[in-house]
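Biologist: Let us go through this model term by term. For each label, I shall ask what justifies it.

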Protein chains: 2
Amino acid sequence: MKLALIGVGLIGGSLAAALRAARRVDSVSGFDCDPSALVEALRLGIIDRAAASIDEAVRGADLIVIATPVGVAGAVLRSVAPSLDVDAIITDVGSTKGSVIAAAREALGAKFPRFVPAHPIAGRELNGVVHASADLFEGKMLITTPLPETAAPALARVEELWRGLGARVERLGHQDHDRIFAAVSHLPHLLAFALVAQIAGEPDANRKFQHAGAGFRDFTRIAAASPAMWRDVCLANKQAVASELTSFRDTLAKLQQAIEAGDAAALELMFERASSARRRHASDFDSA
Amino acid sequence: MKLALIGVGLIGGSLAAALRAARRVDSVSGFDCDPSALVEALRLGIIDRAAASIDEAVRGADLIVIATPVGVAGAVLRSVAPSLDVDAIITDVGSTKGSVIAAAREALGAKFPRFVPAHPIAGRELNGVVHASADLFEGKMLITTPLPETAAPALARVEELWRGLGARVERLGHQDHDRIFAAVSHLPHLLAFALVAQIAGEPDANRKFQHAGAGFRDFTRIAAASPAMWRDVCLANKQAVASELTSFRDTLAKLQQAIEAGDAAALELMFERASSARRRHASDFDSA
């Protein structure tokens, strides 16, 4: 199989490395708008060929993986469309699905059924192809959000590839996907970015960072994620993210009222609800 | 040395276990308002004697450690005061220092110089003495917030004990302590409790928890902390916590405006500020 990888970063690079390690690809051509990512990927043996354009990367490929920030998925898909081989399958790894599907539908036209929208629930606190890892997806969830038009063989092929890398494959409607991940992924990342940015902007930032306990360290780890990727996620999933943010700001307003009123019972009730939910769902987290 | 442990939970139990493992104590008497904690601590060999009252635990002890939620520190110190041996030292492990110091000053009167306010920056996601661990404080920070009145020998003794357990000891003014930890500990815990409680209360909570990525799992781990302990922390450090919450709610409001306005540059700027702060302070976290 010939793979074309558009966007050679942590996730795309890890996917290519994993497919290579599993001997599922014969060759990988890569394109990235950052030439140093291509140099690094060649050096690491993650790609065989650094393409000078999307067109050059895609020509002759059996599988095209879009692994760019979701904000440029539309532009990338428009460049991919004319060069596609007749049997080629296209898939992506984006954290939002509605916006990418809309872009793919417009860019690919009659070839849209060959696009398989996918999202691996995996990441690291270190960005870039230099931190790619062939085992990043082992035991992780891979979500596909197929449409009625999606070609069944293309979907089966993509899901089978991910299963071969150790991922647990699950299908969701793209609206459910975007709503669920606004709550359990996009909002937490926003809160972590916001808290770390706020503290970093304070005059005694250094002293505060030096006294960080485990809780704040978890926040900084989350906030180490790629700014460009998360900027695009917020904008691509704007409605669901804004709705989660609104609810959360209401929750914080109530919390502050309880603190200022000295309402110990209300505080303990909220904290206990969180703590017991964690205990109740511990098995979800252990298996994830 | 005879140790009296008032409050036999994760932190107090770990401290007693660590002092025992380091052969720094000859006997440990424990008191807890929850009898099952005492039974468990006896079974684990963390205490030698389950006292029926604070008075009974404290009588004859050289060192008294208050390891209850900070909200009851005042009541505990009032019970401790009359039974104190003439040379006994009192210390605590509370996450807030201003409120505990005020309570100690009132409760201990002339014996206040023998109180050494202390706060180990260590914890786990599992609560209770059953999860106590003798190596919990190894390599962690221990903060003391002595007052001008604090007896130098008592302070030296407590700091030396913690150093013997592998902790890095640092002194801070109690107001600095409370302000810094409102930002890097109390607020992050509040956010984690609030987010997990909010999602737990939604109709599709189960599906959301099942799709949690690493970021949300970090939040749930933070939110697994003791509700009673954190309720007390919020109320004991009310002013500093409310001030951090106010700033954070402003930050979120600006973030939401940027998302709704599609202001990609503002989002990337905030995320980049957080991400680069994490990189800049990586060494603080690695050593912590």
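**Labels and the values behind them**

Modeller: Over all chains the count comes to 36 salt bridges, a salt bridge being a side-chain nitrogen of Lys or Arg within 4 Å of a carboxyl oxygen of Asp or Glu. This is a predicted model, in which local features need pLDDT of at least 70 and side-chain atom pairs count only at pLDDT 80 or more, while totals for chains, interfaces and linings use all residues; side-chain values use heavy atoms, without hydrogens and water. Residues are numbered from 1 along each chain as its sequence is written, and chains are lettered from A in the order in which they are written.

Biologist: Why is the pair Glu159(A) and Arg171(A) called a salt bridge?

Modeller: The closest N and O atoms of Glu159(A) and Arg171(A) are 2.8 Å apart, and the cut-off is 4 Å, so the pair qualifies. Glu159(A) belongs to helix 6 (residues 152–164) of chain A and Arg171(A) to strand 9 (residues 168–171) of chain A, so the salt bridge ties together parts twelve residues apart in sequence. Helices (H or I, at least four residues) and strands (E, at least two) are DSSP runs, numbered from the N terminus.

Biologist: What makes strand 3 and strand 6 of chain B edge strands?

Modeller: Six strands of chain B form an open sheet in the order 3-2-1-4-5-6, with parallel pairing. Strand 3 (49–50) and strand 6 (115–116) of chain B each have a single partner strand, so one side of each is left without a neighbour in the sheet.

Biologist: How do you know that strand 2 and strand 3 of chain B pair?

Modeller: Two strands pair if DSSP finds at least two bridges between them. Two bridges join strand 2 (residues 27–31) of chain B to strand 3 of chain B, so the criterion is met. Gly30(B) stands opposite Ala50(B) in strand 3 of chain B.

Biologist: What is the extent of the contact between chain B and chain A?

Modeller: The contact (heavy atoms within 4.5 Å) takes 84 residues from chain B and 84 residues from chain A. The buried area, meaning the accessible area (1.4 Å probe) that two parts lose on being put together, summed over both, is about 7900 Å², and carbon and sulfur atoms give 68% of that. Eight salt bridges are counted between chain B and chain A. One salt bridge joins Lys208(A) to Glu244(B), with the closest N and O atoms 4.0 Å apart. Helix 7 of chain B gives the largest share of the side that touches chain A, 18 residues.

Biologist: Why are the two copies described as related by a two-fold rotation axis?

Modeller: Copies are superposed by least squares on the C-alpha atoms of residues with pLDDT of at least 70 in both. Chain B can be laid on chain A with an RMSD of 0.0 Å by a turn of 180° and a shift of 0.0 Å along the axis. The copies are therefore related as by a two-fold rotation axis. In chain B, the C-alpha nearest the axis is that of Asp218(B), 3.1 Å from it.

Biologist: How do you know that the copies meet through the same surface?

Modeller: Of the interface residues of chain B, 100% are also interface residues in chain A, so the same surface serves both copies.
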